[in-house]
Amino acid sequence: MLKISDLKVNYGYVKALKGVSLEVKEGSIVTILGANGAGKSTTLKSISGIVPATEGEIEFMGQSIKKLSPEEIVSLGVVQCPEGRRIFPQFSVEENLRIGAFGRRKNIKNINDDYERVYDYFPKLKERKDQVAGTLSGGEQQMLAIARGLMANPKIFLLDEPSLGLAPIVVKEIFGIIEDINKAGVTILLVEQNAFQASKIADYVYVIETGNIVISGTKEEVISNENIKKSYLGA
Ligand SMILES: Nc1ncnc2c1ncn2[C@@H]1O[C@H](COP(=O)(O)OP(=O)(O)O)[C@@H](O)[C@H]1O
Ligand SMILES: [Mg+2]
């Protein structure tokens, strides 16, 4: 569904990605693990068209998306939930969701159906739909960021460190919801430092270090890899 070949991204003199290749099959959950600064966010941002690729190719459903604008990429169904939540704290939960639907053709009836579809995953957000988003807990703000992304109707959903700064029990809940979203037919590309939880829900795992993919394999292969255990799983 998504195929990245030899992707290179430079920020001025900084070579953030040095030739990343990876593939995401339709219906799967793929996780990219990596430490701080490895190039995870840059990978997602270049798929979304937010940072330009210096070299390489990005194909979505057989079509090159490398030269498309972020808006065009979203409208194809490639939707990113950015790192650090980026919700609008002064707006209500439901207003934040409406902003998420903004990128696509405005059809009020569909948008109302979408609120319900999204609230099915996040009953806590429905209870708080009129609450100002800035007063939500960290976990609820992350849920809102994911919910807002869903309002854009992703075919593939790119999630940038949804577990960041959250308590383990909240992380477990959020990863459970990500699995539910996947079961409903949305392909997932998840990037994380939180290796253990993130590999548990993955079908396939890539490990990125300083702009290069260094290891890849099925969840079982990667979890049993001794180097991974040492570097990422704290074992
Ligand atoms: N806007 C930027 N300008 C210059 N360097 C950047 C910029 N964004 C990221 N970098 C650098 O690119 C590398 C990869 O960053 P990033 O993709 O954010 O890593 P990760 O998400 O894995 O923590 C890092 O060395 C980082 O300092
Ligand atoms: Mg990042």
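**Figure 1. Residues around ligand 1 in the predicted model.** The shell consists of Y11, A16, A35, N36, G37, A38, G39, K40, S41 and T42. By class, these residues divide into four nonpolar, five polar and one charged. Helix 1, which covers residues 40-47, supplies three residues, the largest share of the shell.

**Figure 2. Polar contacts of N36, A38 and K40 with oxygen atoms of ligand 1.** From the side chain of N36, a polar atom lies 3.4 Å from a ligand oxygen. A38 makes its contact through a backbone N or O atom, at 3.2 Å from an oxygen atom of ligand 1. For K40, an N or O atom of the side chain is 2.8 Å from an oxygen atom of the ligand. Ligand 1 taken alone exposes 560 Å², and the protein buries 62% of that area.

**Figure 3. Protein donors of the magnesium ion, ligand 2.** The donors from the protein are OG of S41 and OE of E83, at 2.0 to 2.6 Å from the ion. S41 belongs to helix 1, while E83 sits in the loop between strand 6 (78-81) and helix 3 (93-101), so the two donors tie together parts that are 42 residues apart in sequence. S41 is also one of the residues around ligand 1. Are the two donors alike in burial, or is one buried and the other partly exposed? S41 has a relative accessible area of 15% and is therefore buried, the limit being under 20%. E83, at 28%, counts as partly exposed.

**Figure 4. The open sheet of four strands.** The strand order is 2-1-4-5, and the pairing is antiparallel. Strand 2 (14-24) and strand 5 (63-64) are the edge strands; each has a single partner, so one side of each is left without a neighbour in the sheet. Strands of a sheet pair through backbone hydrogen bonds, either parallel or antiparallel.

**Figure 5. The hairpin of strand 1 and strand 2.** Strand 1 (residues 2-11) runs antiparallel to strand 2, and eight bridges join them. Within this pairing, K8 stands opposite K18 of strand 2, and Y11 stands opposite V14 of strand 2. Two residues lie between the strands of the hairpin, where G12 takes a positive phi near 60 degrees. Y11 links this view with the first, since its name appears among the residues around ligand 1; A16 is also in that shell.

Technical notes: Residues are numbered from 1 along each chain as its sequence is written. Chains are lettered from A and ligands numbered from 1 in the order in which they are written. This is a predicted model: local features need pLDDT of at least 70, side-chain atom pairs count only at pLDDT 80 or more; totals for chains, interfaces and linings use all residues. Side-chain values use heavy atoms; hydrogens and water are left out. A residue is near a molecule or strand if one of its heavy atoms lies within 4 Å of it. A polar contact is a pair of N or O atoms within 3.5 Å; within protein, one must be able to donate a hydrogen and the other to accept it, and residues adjacent in sequence count only if both atoms are side-chain atoms. Accessible areas come from the Shrake-Rupley method with a 1.4 Å probe; for residues, only the protein chains shown count as cover. Ala, Val, Leu, Ile, Met, Phe, Trp, Tyr, Cys and Pro count as nonpolar, Asp, Glu, Lys and Arg as charged, and the others, Gly among them, as polar. Donors are N, O and S atoms within 2.8 Å of the metal (3.2 Å for Na, K and Ca); water is not among the atoms, so sites may look incomplete. Buried means under 20% relative accessible area, exposed over 50%, partly exposed in between (1.4 Å probe, protein chains only). Two strands pair if DSSP finds at least two bridges between them.
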